[in-house]
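Me: I would like to go through the side-chain contacts and the enclosed spaces of a protein, one question at a time. Could you reason through each answer and finish on the value or name I ask for?

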Amino acid sequence: MIETLTINDQITSLFRAPPHWSQGAVKVSHTLTTTTTESKTGREARTPAYSSIRHELSCRYVLSLEDAERMRDILLQFERKPLAIPLWPGAMPTDRFHEGIYTADSLFNYDATGYTYRPATELPDYQYTYTTPLLIGFLKEPPQLDVRTKALSLTLVEDSAYALSIRPNAASLTFTDAFPGTLFPDGTRNIDTASDTLQHHDTPQGRERPVTGDEAPPKWQHEATFQLNSLEKIRTLLGFWASRHARSKAFDTPVWFRASTDVPENTVTRFSTDTLTLNFTTNAHATSALRFHQLPWEDSAEAIDPGGPQPTRTYLLEFTYQTPTAVISRYTPYERDITVGSATYTTQPSFKISRPKDQFVGVKSEWSFECHTFPGNPLLHLIPFQLEAELHLNLYEATLTDPENPTTELIFSGHITEARARGRSLSFTAGSFIESFDRPVPRFRIQRSCNYQVFDPHCGVNESEHRRTATITVTNGATYVDYSGPTEPPGYFNGGRLILGDGPTYETRPITRHTATQLHILKPLRHHNTTGAQYTATLLPGCDGEASTCRNKFSNYPRFGGFPYIPLRNPTIQPIESSQPDLAKK
């Protein structure tokens with residue numbers, strides 16, 4: 001009943017038991033998400049979220065009660081595991097597959113003797129009788145068993161890579177900006193409504209009824225059921241819906257249920273929802289209830305504010321791990337990889353981005369993000385905290401007017417400030433570089449110790465002149481390493497740093513104590529941790545900020561950033577010492 005199939009190097013469970021077709025027991029929902037915003041005039045701006053259709057397959061199996069219970073118990077084991085089911089309404093004899101409803105880049109070829117899953121380009125060489133796309137995803141909920149009818153119902157939600165996406169087989173069809181004339185409602189479900197943005201309240205003690213709200217053109221809506229009794233009609237409806245990108249694009253619709261001399265024969269509408277559902281009784285017969293939403297402004301030449309379909313927009317995230325040789329990771333929550341110039345942003349749909357409320361220039365802002373703990377995620381350096389260098393983030397907004405040549409705009413640049421983990425989920429925040437101004441004032445203080453950091457531009461000491469190369473021997477988990485090479489006396493590297501590796505294996509540790517043969521470090525090494533192994537490391541000396549250290553260790557006293565002759569006590573607040581009276585004087 002359950003077999004295994006390797007798809008994109010992932011083991012996927014295959015459930016290929018054919019469903020029960022009667023009474024619309026097989027249902028396929030198609031979804032293309034669109035974000036809609038409406039102006040004060042009622043004109044819409046509609047932005048699609050992605051380009052490929054998301055499918056949801058619902059099936060019902062009528063079995064003996066014993067078989068139904070056994071099937072349910074087996075499927076419950078795969079509730080949270082990848083599961084593949086043939087998209088049964090798309091099944092066709094292999095030699096007639098080009099006449100079917102769906103197509104895909106890889107297809108499931110099967111009959112009673114066996115099956116295979118192979119690229120569509122090899123279709124002429126398929127060996128089995130039937131062919132259909134394969135829907136890969138997860139069970140939406142545990143399978144439901146109706147004991148009275150002995151029917152087992154399940155719903156599979158598509159969750160697969162863009163390369164495995166399923167498309168309507170509508171390449172041979174041509175669509176215009178008008179609803180297909182070959183499709184007509186069956187008259188069994190006619191719902192006709194109209195609405196505006198005004199609110200009419202109950203009549204108060206006075207004689208006039210209060211009306212509130214912004215005036216906008218009334219919007220007519222209707223719903224109708226369509227009987228699709230041929231493959232051609234199913235393909236036409238599904239292909240037209242996809243060409244309109246669900247709610248995104250407008251089209252002309254006949255005014256079927258308002259026959260009158262005062263009502264035009266056609267009006268400009270859009271589909272009301274993001275989802276088109278087809279209820280199948282066979283793979284060549286389906287019904288669908290469609291809802292249409294009138295767009296009055298798009299029917300008028302007097303529209304003065306922008307609106308209508310907009311290009312898809314998405315985010316591009318560029319993480320830079322600031323090691324000596326920077327490690328750059330690029331991701332996008334879009335459904336497929338996006339290439340901008342020579343940079344490729346890998347699809348990672350688990351990323352969710354929340355804009356800050358305050359977007360004024362120069363105002364400190366924090367962005368919030370969520371994602372999963374996928375392999376290679378640079379945020380894993382923070383859980384547990386193992387960050388060896390700063391992790392910077394550049395966030396771009398990409399406009400996909402031309403998906404092959406997107407335009408981008410940098411909307412945020414900052415660094416990761418916090419990360420939290422919960423199971424497979426990570427949430428993190430990024431703060432802008434404006435936070436670097438959150439420092440005490442005055443910056444330069446009148447004090448005995450130096451105000452500068454060793455090797456910074458104000459200090460002026462040349463770091464390369466003080467770098468030393470050492471061979472270290474590691475004990476796994478220890479907070480010390482044995483070393484050989486440098487001849488500096490014990491204590492010379494106190495407060496300095498031990499540096500190893502580069503890129504992903506870069507790590508640095510503060511040196512807490514330097515003896516003749518050992519360097520004591522703040523915490524064990526993570527990448528260079530094989531007991532007894534020898535590694536080449538760089539040692540940098542530390543500075544305690546004292547004038548004597550600046551003079552004797554670094555020969556840099558002319559640039560000393562402190563005031564070594566300041567008294568230890570502030571002379572302006574020392575108490576006045578009065579002379580003691582001579583008590584023996586008469």
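The questions and replies below concern a predicted model, and they take up aromatic rings, salt bridges, cavities and pockets in turn.

Me: What is the geometry of the aromatic pair formed by Phe240 and Phe251?

Reply: The structure holds 28 aromatic pairs, and Phe240 and Phe251 form one with 5.1 Å centre to centre. The planes of these two rings stand at 85 degrees, and an angle over 60 counts as edge-to-face. The geometry of the pair is therefore edge-to-face.

Me: Which elements hold Phe240 and Phe251, and how many residues apart are they?

Reply: This pair links distant parts of the chain, with Phe240 in helix 2 (residues 231-243) and Phe251 in strand 21 (residues 251-254). Both Phe240 and Phe251 are buried, and both belong to one aromatic cluster together with Phe175, Phe179, Phe226, Phe271 and Phe292. The elements are helix 2 and strand 21, and the separation is 11 residues.

Me: Why does the pair of Tyr557 and Phe560 count as stacked?

Reply: A pair of aromatic rings is described by the distance of the centres and the angle of the planes. The centres of Tyr557 and Phe560 lie 5.9 Å apart, and planes under 30 degrees apart count as stacked. The pair is stacked because its planes are at 15 degrees.

Me: Which residue lies over the face of Tyr557?

Reply: Tyr557 is partly exposed, with a relative accessible area of 26%, whereas its ring partner Phe560 is buried, at 12%. A charged side chain lies over the face of Tyr557, at 4.3 Å from the ring centre, and another ring, that of Tyr50, has Arg54 over its face at 4.0 Å. The residue over Tyr557 is Arg551.

Me: Is Arg235, which meets Glu232 in a salt bridge, buried or partly exposed?

Reply: The side chains of Glu232 and Arg235 meet at 3.5 Å, N to O, and the two residues, three apart in helix 2, are separated by about one helical turn. Glu232 is partly exposed, with a relative accessible area of 41%. Arg235 has 9% relative accessibility, and since buried means under 20%, Arg235 counts as buried.

Me: How many residues apart are Glu397 and Arg355?

Reply: The side chains of Glu397 and Arg355 meet in a salt bridge of 3.4 Å, N to O. Glu397 sits in strand 32 (residues 391-399) and is buried at 18% relative accessible area, while Arg355, in the loop between strand 30 and strand 31 (366-372), is partly exposed at 41%. The pair links distant parts of the chain, and the separation is 42 residues.

Me: What is the N to O distance in the salt bridge between Glu488 and Arg468?

Reply: Glu488 lies in the loop between strand 36 (480-484) and strand 37 and Arg468 in strand 35 (residues 468-474), so the pair ties together parts that are 20 residues apart in sequence. Glu488 counts as buried at 16% relative accessibility, and Arg468 as partly exposed at 23%. The N to O distance of this salt bridge is 2.7 Å.

Me: How many charged residues are in the lining of the largest cavity?

Reply: A search of the whole structure finds two cavities of 30 Å³ or more, and the largest encloses about 60 Å³. Among the residues that line this cavity are Arg43, Glu44, Lys219 and Glu298, and Glu44 is also linked with Arg46 and Arg270 in a network of salt bridges. By class, the lining has three nonpolar residues, three polar and, as the class asked for, four charged.

Me: How many charged residues are in the lining of the second largest cavity?

Reply: The second largest cavity has a volume of about 50 Å³, and its lining includes Val474, Tyr480, Ile521 and Asn529. By class, the lining has seven nonpolar residues and four polar, and the number of charged residues is none.

Me: What is the volume of the largest pocket?

Reply: The lining of the largest pocket divides into 17 nonpolar, 14 polar and nine charged residues. The volume of this pocket is about 1,400 Å³.

Terms used
Residues numbered from 1 in each chain as written. Predicted model: local features only at pLDDT ≥ 70, side-chain atom pairs only at ≥ 80, totals over all residues. Heavy atoms only, no water. Phe/Tyr/Trp six-rings, centres within 6.5 Å; stacked < 30°, edge-to-face > 60°. Helix = DSSP H or I, 4+ residues; strand = E, 2+ residues; numbered from the N terminus. Buried < 20%, exposed > 50% of the residue type's maximum accessible area, 1.4 Å probe, protein only. Lys NZ or Arg CZ within 6 Å of the ring centre and 35° of its normal. 1 Å grid on protein atoms, 1.4 Å probe; cavity = no way out; pocket = protein on both sides within 12 Å on 5 of 7 lines; lining within 4 Å. Points joined across faces, edges and corners; volume = space filled by probe spheres on them. Nonpolar A, V, L, I, M, F, W, Y, C, P; charged D, E, K, R; others polar. Salt bridge = Lys/Arg side-chain N within 4 Å of Asp/Glu carboxyl O.
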